[in-house]
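Me: I am new to this structure and would like to understand the words people use for it. Could you go through them with me?

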Amino acid sequence: QVQLVESGGGLVQPGGSLRLSCAASGSIFSIYVMGWYRQAPGKQRELVAAIISGGSTHYADSVKGRFTISRDNAKNTVYLQMNNLKAEDTAVYYCAARRVDTSAWSYWGQGTQVTVSS
């Protein structure tokens with residue numbers, strides 16, 4: 001079992017930056033793939049970025065070059081640095097985890113709101 005708690009959301013102007021954090025507890029952090037999803041009103045939840053224990057990353061095309069996912073296995077924490085934010089990045093952002101030997105994202109945080117508006 002893994003428990004995930006996000007923090008760092010808020011209101012930011014277009015072009016601004018935010019850093020989301022996700023603290024994990026309850027299991028061996030390093031065996032999990034960590035990811036950030038987001039869901040905007042009226043839209044499906046989408047995978048924004050993911051990172052495996054060794055550091056390899058994946059990004060949605062819409063955030064490449066602007067967002068950076070990282071993890072600190074010693075602190076059981078994953079981060080999402082978001083730069084040059086746009087209005088279309090407005091969404092609830094969710095931290096998620098899955099075991100490396102499965103494809104199902106089994107664990108989810110409660111979500112944190114990110115609003116990009118002037």
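Me: How many helices and how many strands does the secondary structure of the protein chain come to?

Reply: Happy to help! Please keep in mind that this is a predicted model. The protein chain has 0 helices and 11 strands. Read along the sequence, the pattern is β-β-β-β-β-β-β-β-β-β-β.

Me: How do you know that the radius of gyration agrees with a compact globule?

Reply: We set the value against a rule based on chain length. For 118 residues, a compact globule would have a radius of gyration near 13 Å, and the protein chain has 13 Å, so the value agrees. As for its extent, the C-alpha atoms fill a box of roughly 40 × 25 × 25 Å along the principal axes.

Me: What share of the residues is buried, and what does "buried" require?

Reply: A residue is called buried when its relative accessible area is under 20%. In the protein chain, 43% of the 118 residues are buried. The accessible surface comes to about 6,000 Å², and 48% of it belongs to carbon and sulfur atoms.

Me: Why is leucine 85 called buried?

Reply: Leucine 85 has a relative accessible area of 1%. The limit for buried is under 20%, so the word applies. Leucine 85 sits in the loop between E8 and E9. Leaving out residues up to four places away in sequence, leucine 85 touches Val12, Pro14, Gly15, Gly16, Ser17, Leu18, Arg66, Phe67 and Val116. With glycine 16, the C-alpha to C-alpha separation is 5.5 Å, although the two are 69 residues apart in sequence.

Me: And why does alanine 74 count as exposed?

Reply: Exposed means over 50% relative accessible area. Alanine 74 has 77% relative accessibility, so alanine 74 counts as exposed. Alanine 74 is placed in the loop between E7 and E8. From alanine 74 to phenylalanine 29 is 8.7 Å in space, C-alpha to C-alpha, and 45 residues in sequence.

Me: What makes serine 70 partly exposed?

Reply: Its relative accessible area is 29%. Partly exposed covers the range between under 20% and over 50%, so serine 70 belongs there. Serine 70 is in strand E7. Beyond its neighbours within four places in sequence, serine 70 is in contact with Ile51, Thr77, Val78 and Tyr79. Serine 70 and alanine 49 are 21 residues apart in sequence, with 9.6 Å between their C-alpha atoms.

Me: Which asparagine in the loop between E7 and E8 has a positive phi in a residue other than glycine?

Reply: That is asparagine 76, with phi near 55°. Asparagine 76 has a relative accessible area of 23% and is therefore partly exposed. Asparagine 84 also has a positive phi, about 50°, although it is not a glycine. Asparagine 84 is found in the loop between E8 and E9. At 42% relative accessibility, asparagine 84 counts as partly exposed too.

Me: What makes a group of residues a nonpolar core?

Reply: The residues must be buried, of nonpolar types such as Leu, Met or Trp, and joined through side-chain atoms within 4.5 Å. The largest such core has 31 residues, and those with the most contacts inside it are Leu4, Met34, Trp36, Leu80, Met82 and Tyr93. Elements giving two or more residues to this core include strand E3 (18–25), strand E4 (32–39), strand E8 (77–82) and strand E9 (91–99). Another core, of 6 residues, lies apart from it, with Val33, Tyr37, Ala50 and Trp105 among them. In soluble globular proteins, nonpolar side chains tend to be buried together.

Me: Which residues is methionine 82 in contact with, leaving aside its neighbours within four places in sequence?

Reply: Methionine 82 is in contact with Gly16, Ser17, Leu18, Leu20, Arg66, Phe67, Tyr93 and Val114.

Me: What share of the contacts between residues at least 6 apart join residues at least 24 apart?

Reply: That share is 55% in the protein chain. Valine 5 in strand E1 (residues 3–7) makes a good example. Outside its neighbours within four places in sequence, valine 5 is in contact with Ser21, Cys22, Ala23 and Gln110. The C-alpha atoms of valine 5 and tryptophan 108 are separated by 8.6 Å, with their positions 103 residues apart along the chain.

Me: How many positive and negative side chains are there?

Reply: There are 11 positive and 7 negative side chains, and the centres of the two sets lie 2 Å apart.

Terms used
Residues are numbered from 1 along each chain as its sequence is written. This is a predicted model: local features need pLDDT of at least 70, side-chain atom pairs count only at pLDDT 80 or more; totals for chains, interfaces and linings use all residues. Side-chain values use heavy atoms; hydrogens and water are left out. Helices (H or I, at least four residues) and strands (E, at least two) are DSSP runs, numbered from the N terminus. The radius of gyration is taken over C-alpha atoms; the globule rule is 2.2 Å times the number of residues to the power 0.38. Buried means under 20% relative accessible area, exposed over 50%, partly exposed in between (1.4 Å probe, protein chains only). Contact means heavy atoms within 4.5 Å. Accessible areas come from the Shrake-Rupley method with a 1.4 Å probe; for residues, only the protein chains shown count as cover. Lys and Arg count as positive and Asp and Glu as negative; His and the chain ends are not counted. The place of a charge is taken as NZ of Lys, CZ of Arg, CG of Asp or CD of Glu.
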